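Student: I have a structure to look at and some terms I would like to understand. Could you go through them with me?

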Amino acid sequence: MKRIAKKLTELKKAHLYRRLNTVQSRQSAKVRVDGKEYILLSSNDYLGLASDLRIARAAKDAIDEFGYGAGASRLVSGTMSPHTALEAAIARFKCTQSAILYNSGYCANIGLISAITGRNDIILSDRLNHASIIDASLLTRAKVRRYPHKDTAILERFLQNAKGFSKRIIITDGVFSMDGDIAPLKKIAALAKEYDAILIIDDAHATGVLGAGGKGTMDHLGIDDKNVIQMGTLSKAVGCFGAFVAASQDIIDYLINKSRSFIYTTALPPSCAAAAKKALQLVQSGDDLRRRLFENVDYLRGRLTGAGFDVPSRETHIIPVIIGGAADAVGLSRHLKDNGIFIQAIRPPTVPECTCRLRITPTTAHTKEELDRAFDAMLNWRA
Ligand SMILES: *Cc1c(COP(=O)(O)O)cnc(C)c1O
């Protein structure tokens, strides 16, 4: 136990210690924390659906009909009509043969990647992929090679050297969560075809935001490739909880039989699935939500870049503002909090050393005045 205490002290010294803040209101553009109201600019509730009353109503109705718990895992007796209805809706949304639900995006990556990868395979993974992909890769006992961020030349070299493996699996985020940039999927999909590799896309941040009706990164980039396995979450722009894999019927049948984080866990509450089905409807007809989201994003990003902040990516709705060291990033976050703005500092191991940042996420729900207040507070830092 002494060693744990020592580790905690080290984390504090390095400005890497993390603590929880409790939100005492619903998730929205403004939240109450410790009895004070803050403008929230670090949530993934991009379309403002987390507190949408129509979704809450769908959940309540399902609770009235089905009760709360699912009682067992999906393969035993936990599969209920809201689960299967949602899976069918996801397959239609993603234009795939089939889809399977997982209890979270983290579980989806763990269950998908470990099921389809064996010890004679090789995983080629973008260096900035999400932690759940890294953890899943460790579980597979396959060889794992991480290629430099979006570097398709090096990915191709890795593929050339990987012909001796039984399967080659390429995994990339569609939109990178901490940088907000988009993977070069056209090139990666072509490489996957050329080198007989399976391509998995984690579309957590694009689902609901990019592409027609919020279909995601593939649609956004005009890629139609039925061999790609797409994972997405219902917890971010969709405003609910849970996640999915959308793919061919064979892949989904295989996951039902082999995916341990699908098999050995209790099914999501049916109300959770019913809420997500309603939310997916709102997402698909949500062009106006997406237009307002990007209006807000463009407005705040324009002001920040105009003022000289280091904003490396302009491709999506995620605005990374690179600060550098952990102490500075924490200092800025604290300064913002003192000014009524809630944005957490992002530090290692979530991002590489010296690239600590604020990850600013305006949503559909923010007003220009709220964004102006955040910008003014950023500008006043150390002024
Ligand atoms: C958030 C996220 C996940 C995990 O999804 P949850 O539903 O929150 O568990 C997986 N991959 C990426 C890229 C993410 O950003």
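**Reading the terms**

Tutor: Gladly, and let's begin with one residue: leaving aside residues up to four places away in sequence, arginine 74 touches Thr79, His83, Glu87, Leu101, Phe262, Thr265 and Ala267. Keep in mind that this is a predicted model.

Student: Why is arginine 74 called buried?

Tutor: Buried means under 20% relative accessible area. Arginine 74 has 12% relative accessibility, so it counts as buried. You will find this residue in helix α3, which covers residues 74-78.

Student: What makes the pair of arginine 74 and glutamate 87 a polar contact?

Tutor: The cut-off for a pair of N or O atoms is 3.5 Å, and within protein one atom must be able to donate a hydrogen and the other to accept it. The side chains of arginine 74 and glutamate 87 make their contact at 3.0 Å, so the distance is within the cut-off.

Student: Now the ligand. What makes the link between histidine 205 and the ligand a polar contact?

Tutor: Here a polar side-chain atom of histidine 205 is 2.5 Å from an oxygen atom of the ligand. That is within 3.5 Å, so the pair is a polar contact. Two further pairs can be set against that cut-off: a ligand oxygen is 2.9 Å from an N or O atom in the side chain of serine 235, and a ligand oxygen is 2.9 Å from a polar backbone atom of tyrosine 106.

Student: How much of the ligand does the protein cover?

Tutor: On its own the ligand has 370 Å² of accessible area, and the protein covers 86% of that.

Student: Which residues surround the ligand, and which elements supply them?

Tutor: There are 15 residues around the ligand, and the closest are Gly105, Asp202, His205, Ser235 and Lys236. Both α5 (105-116) and β8 (229-233) supply at least two residues of the shell. The largest share, 3 residues, comes from α5. By class, the shell has 3 nonpolar, 9 polar and 3 charged residues.

Student: And the sheet with the order β1-β2-β11: why are β1 and β11 called edge strands?

Tutor: This is an open sheet of 3 strands with mixed pairing. Its strands β1 (30-33) and β11 (341-342) each pair on one side only, and that is what makes them edge strands.

Student: How do you know that β2 and β11 pair?

Tutor: Two strands pair if there are at least two bridges between them. Strand β2 (residues 36-40) and β11 have 2 bridges, so they pair, and they do so in the parallel sense. Leucine 40 stands opposite phenylalanine 342 in β11.

Notes:
Residues are numbered from 1 along each chain as its sequence is written. This is a predicted model: local features need pLDDT of at least 70, side-chain atom pairs count only at pLDDT 80 or more; totals for chains, interfaces and linings use all residues. Side-chain values use heavy atoms; hydrogens and water are left out. A residue is near a molecule or strand if one of its heavy atoms lies within 4 Å of it. Accessible areas come from the Shrake-Rupley method with a 1.4 Å probe; for residues, only the protein chains shown count as cover. Helices (H or I, at least four residues) and strands (E, at least two) are DSSP runs, numbered from the N terminus. Ala, Val, Leu, Ile, Met, Phe, Trp, Tyr, Cys and Pro count as nonpolar, Asp, Glu, Lys and Arg as charged, and the others, Gly among them, as polar. Buried means under 20% relative accessible area, exposed over 50%, partly exposed in between (1.4 Å probe, protein chains only). Contact means heavy atoms within 4.5 Å.
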